[in-house]
Each structure stands twice: as structure tokens, then as C-alpha cells.
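Biologist: Could you take a close look at one part of this model for me, namely its aromatic rings? I would like to know how they sit in the chain as a whole.

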Amino acid sequence: MIQGDKVRLRAIERNDIPRFVRWLNDPEVTQFLLISSPLSMAMEEKWFDNQLQIPPTSGQVLAIEVLVGDGWIHIGNTGLHDVDAVSRHAEFGIVIGEKSYWNRGYGTAATRLTLKHGFEHLNLNRIFLHVYENNPRAIKTYEAAGFKREGVLRQGVYKNGRYLDLVLMSVLQSEWIILQEK
């Protein structure tokens with residue numbers, strides 16, 4: 001368990017799969033994700049089984065939970081993917097699947113906690129991401145967590161009948177440390 005102030009991160013479990021399928025078949029949730037086709041339980045179970053084969057030091061999807069009353073509610077997922085142990089970098093990803101928890105600061109809290117995990121526990125030097133140009137809410141969240149724009153992959157993705165630019169952003173461990181000292 002990775003504990004933060006507003007959220008905690010935990011390993012995903014097989015019983016999370018029905019939530020994943022519900023989220024990833026909701027066009028509002030997936031509008032800014034690379035997913036463009038419906039997913040079945042069988043497809044998600046196969047993805048989950050593949051995740052079990054990846055050592056946590058090479059990348060891991062983590063469940064985002066928030067405390068509601070006396071219990072923890074699973075509202076989304078985050079993770080560091082394709083960890084490169086030599087260059088010490090990884091790609092960040094996040095989704096808040098429970099729409100009733102959007103715009104409440106949980107995405108920012110989970111992003112910061114995932115960065116802390118990457119820099120303090122995995123000894124990463126650089127964490128990067130790609131975000132659609134038409135997702136200002138996410139860009140604002142990433143900037144608040146310390147990410148800086150590096151460039152643009154022009155027409156880098158085809159989504160909903162049009163090409164979109166992908167904004168490349170990253171944060172370095174040295175920059176993150178300075179942010180923690182403020």
C-alpha cells in the first residue's frame with residue numbers, strides 16, 4: 001500500500017476487473033485514452049493475466065482508492081509503465097473511472113503520489129507522459145504536479161474521427177525534489 005493524504009495506491013486485484021470493463025466501455029471516461037473499441041470481460045481478464053507477468057520494478061498498474069466513511073472506494077488506476085532501469089525513466093498513466101469523483105483533486109493527489117513512488121522507491125530520474133491537446137484539465141493537473149511541456153507530436157493520435165496533437169510532458173527527479181522542498 002502506498003498511502004497519501006487524499007488517496008492511497010494498491011496493487012490491482014482480479015475482483016477489480018468488472019470495474020475496469022465498466023470504465024473502459026464508457027465513452028466519457030475513454031475520451032482521452034487510447035482505447036477506441038469496446039472491451040469484454042475476457043479481454044480485460046487476459047490483460048490482467050499479462051500484468052501479473054510484469055515485475056513491479058518494470059512497471060505496474062495501481063488502483064487509486066479514496067476513504068469514504070469507514071471504507072476505501074476504488075475510483076481509478078494509475079501507473080508507471082515500461083520502466084527503463086538503465087536510463088531510469090518510465091511513462092506515467094492515470095484514469096479516474098468513477099465520474100462522481102472527477103474534479104475533486106483526486107487525480108492530482110494520485111499523480112503526486114505516483115511520482116513520489118517513482119522517484120523515492122523506484123529511483124527513477126525522469127517520468128514522462130503523452131496527453132491529448134484537447135484535454136486542458138489533465139494538462140493543468142500534470143503541471144500542478146511538476147510536469148513540464150517538452151514538445152508536441154503533431155497529429156500523433158487519431159481519435160473520434162480526427163487527428164489530435166499529443167503533448168509530451170515530463171518531470172525530472174531533481175525538479176520534483178525542489179517542488180517537495182517548497
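To set the scene, among contacts in the chain between residues at least 6 apart in sequence, what percentage join residues at least 24 apart? And then, which residues form one aromatic cluster?

Modeller: Happy to help! This is a predicted model, in which local features need pLDDT of at least 70 and side-chain atom pairs count only at pLDDT 80 or more, while totals for chains, interfaces and linings use all residues. Residues are numbered from 1 along each chain as its sequence is written, and side-chain values use heavy atoms, with hydrogens and water left out.

The answer to your opening question is 60%, for contacts between residues at least 6 apart in sequence; a contact means heavy atoms within 4.5 Å. The chain has 6 helices and 8 strands, which are DSSP runs numbered from the N terminus (helices H or I, at least four residues; strands E, at least two). Of its 182 residues, 44% count as buried, meaning under 20% relative accessible area, with exposed over 50% and partly exposed in between (1.4 Å probe, protein chains only).

Now to the rings. The structure holds 9 aromatic pairs. Rings of Phe, Tyr and Trp (its six-membered ring) pair if their centres lie within 6.5 Å; planes under 30 degrees apart count as stacked, over 60 as edge-to-face and the rest as tilted. One of the pairs is Phe20 with Trp47: the ring centres are 5.9 Å apart and the planes stand at 85°, so this pair is edge-to-face. Phe20 belongs to helix α1 (residues 17-24) and Trp47 to helix α3 (residues 41-52), so the pair ties together parts that are 27 residues apart in sequence. Phe20, with 1% relative accessibility, is buried, whereas Trp47, at 27%, is partly exposed.

Another pair brings together Phe32 and Tyr132, also edge-to-face, at 6.5 Å centre to centre and 70° between the planes. Here the link joins distant parts of the chain: Phe32 sits in the loop between α2 (27-30) and α3, Tyr132 in strand β6 (residues 126-132), and the two are 100 residues apart. Tyr132 counts as buried at 3% relative accessibility, while Phe32 is partly exposed at 24%.

As for the cluster you asked about, Phe20 and Trp47 come together with Trp23 in one aromatic cluster.
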